[in-house]
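Me: I have a model open and would like to go through it with you. Could you take my questions one by one?
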Amino acid sequence: MSLVHTVRSETTKITSTRLWWVLALIMVGYVGLCAGGLGAIFGGLGTNTTGPVLPDAQIPLLIYSFATSVGYVFPVLFGALAVTSEFRFQSLTPTFLAIPRRGVVLTGKLITLFLAGAGFGVLALIASMGAGAAVLAGFGIDPLLGDPDTWAFVGRSLLAMALWAAIGVGLGTLVPSQVAAIVIVLAFTQFVEPLLRLGSTITDWSAQIGQFLPGSASDALVGSSIYTAMSGTTSVALEWWQGGLVLAAIAAVATLIGSATSWRRDVS
Amino acid sequence: MPTGVPIEFSGLTKRFGSVAAVSDLTFTVEPGQVTGFLGPNGAGKTTTLRMLLGLVQPSAGSASFGGTAYAKLDSPLSTVGASLEAASFHPGRSARNHLAVYAQAAGLPKTAPDAALEKVGLAGYANRRVGGYSLGMRQRLGLAFALLGDPGVLVLDEPINGLDPEGIKWIRLLLRAMAAEGRTVLISSHLLSEVQQTVDEVVIISHGTLVHRGELSTLDTSDTKQVQVNAADRDRLAEILREAGYTVSNLRSGVLVDNAEAGEIGRLAFDAGIPLTGLSQKRTGLEESFLTLVGEEGSL
Ligand SMILES: Nc1ncnc2c1ncn2[C@@H]1O[C@H](COP(=O)(O)OP(=O)(O)OP(=O)(O)O)[C@@H](O)[C@H]1O
Ligand SMILES: [Mg+2]
């Protein structure tokens, strides 16, 4: 009962400030530009007959997967900010006054942000598939919009975005400082992890570890990504469901640690 | 009409490292009256109230509402309304949405936010972002949050801070009316004079320790009762009073009469046919007793 109330309240929290649509707007623009841009490159290569890098059938999903491969940072940020802004603006005081059971509040936040992450996924896919399919069709490549595989990919992408938002919530409880959380998200997703993923492909044993990096796990879940396409060998990768479990485990562990530390502390 | 329950503090203690912010506080706040929780800056008022509301974990002791700890209340916002001194809101949210967030969390009716804004006079600013609110408007919004669930108990930390004279008068009447309805009202302040006309009972702490509790009048320990009186013909008034045996001294706006009751002075002036332009009993003892209780070095 009170979990339903919490989810309703948390939903009002995230929809009643400007943040969601500012982030969504940037995400849609960024993802749409990447998908449209790469679509044009592939389309151009294809018609130039200099030999396509990939078979035509793999191109659409690769382009659509920009929704997650570049878009995932937005649900993470959104999830993290949903938590850190409570610390920053001291709104934990009224939140815990309304619902003194802090575990219920955090669970409600996790559920709400999971759903919001899926919402970000919908918008990101509209951007990547809209721009990508239009460009591909323009170059005479089948955008595969009727293919069941495409729609299975859509479902897995939505799950990935939802899990990324949940990871953001976990991160926010671990690092309640808003600035620190933003810096960590940006540095890790844009710099540290891409380097680690690249580095891990050098040897076999490091590739075994590298597949558990959150970004690799996310790409495994989605099933297609510009990163895996670029690094060539896709031999070492998790199954899609294993990728999903890795993301869920990261979210769960971070949230559990956070709930026992910053979330339990005195609110003053 | 929701009725209040007593607030019970029992051996409540909080240490921050080596700092004993609150030490072994034990007292009860009764329904049906306004209780002032007083102490100088840093005395431990906010810490005590945060422990009462389950926001800060006590080092020892407990606090409850009619025997139930805040965290165990079935519907907290409908039982206890609280407003703490910190501005606890997201500046980018409108006042209506701010309240809607917590009304939904507590399962209150959809009309609760607007009703609360109406009560505190913010109905006209409901859709404005809270970040642009003035200090007084924020204070009112805090009060609206406290009133959201129409609770039987009100716990307000420094509710008068930042209000203009009209606002002070308004909140005074509101709190008195709520106490008269049988609710429990506990308000903190670091200034006795600020709440003197609002409270029935006082609980005074200093350095985290209880130093006095009782009715407001018990604080007035001075045995010199003074009356301030004024008339157009001030000289004649003073003369009459001296003849009646009073000690009289001149003030900027009237004369001060020692050891006097206002009623008696009024009667003397009336008998002498002197129209008065002012007459009031002075309670000089209150503030002095307060300062004595909290100690010379009571303030930070
Ligand atoms: N989180 C904290 N960590 C360390 N010390 C604290 C903390 N919160 C309060 N204190 C200390 O506890 C004491 C009591 O503080 P508190 O805020 O309860 O006083 P107060 O009576 O509300 O004062 P004021 O009138 O200024 O609001 C102070 O010495 C303060 O420095
Ligand atoms: Mg205080």
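Me: Is A:Trp21 buried, partly exposed or exposed?
Reply: Happy to help! This is a predicted model, where local features need pLDDT of at least 70 and side-chain atom pairs pLDDT 80 or more, while totals for chains, interfaces and linings use all residues. Residues are numbered from 1 along each chain as its sequence is written, chains are lettered from A and ligands numbered from 1 in the order written, and side-chain values use heavy atoms, without hydrogens and water. Buried means under 20% relative accessible area, exposed over 50% and partly exposed in between (1.4 Å probe, protein chains only), so at 43% A:Trp21 counts as partly exposed.

Me: Which helix holds A:Trp21?
Reply: Helices here are DSSP runs of H or I with at least four residues, numbered from the N terminus. A:Trp21 lies in chain A, in helix H2.

Me: Which chains surround ligand 1?
Reply: Among the 13 residues around the ligand (a heavy atom within 4 Å), B:Gly42, B:Gly44, B:Lys45, B:Thr46 and B:Thr47 come nearest. The site is nevertheless shared between chains, because the residues surrounding ligand 1 come from chains A and B.

Me: How far is a polar side-chain atom of B:Thr47 from an oxygen atom of ligand 1?
Reply: A polar contact is a pair of N or O atoms within 3.5 Å. B:Thr46 offers a polar side-chain atom 2.6 Å from a ligand oxygen. For B:Thr47, the distance from such an atom to an oxygen of ligand 1 is 2.5 Å.

Key. A polar contact is a pair of N or O atoms within 3.5 Å; within protein, one must be able to donate a hydrogen and the other to accept it, and residues adjacent in sequence count only if both atoms are side-chain atoms. Helices (H or I, at least four residues) and strands (E, at least two) are DSSP runs, numbered from the N terminus.
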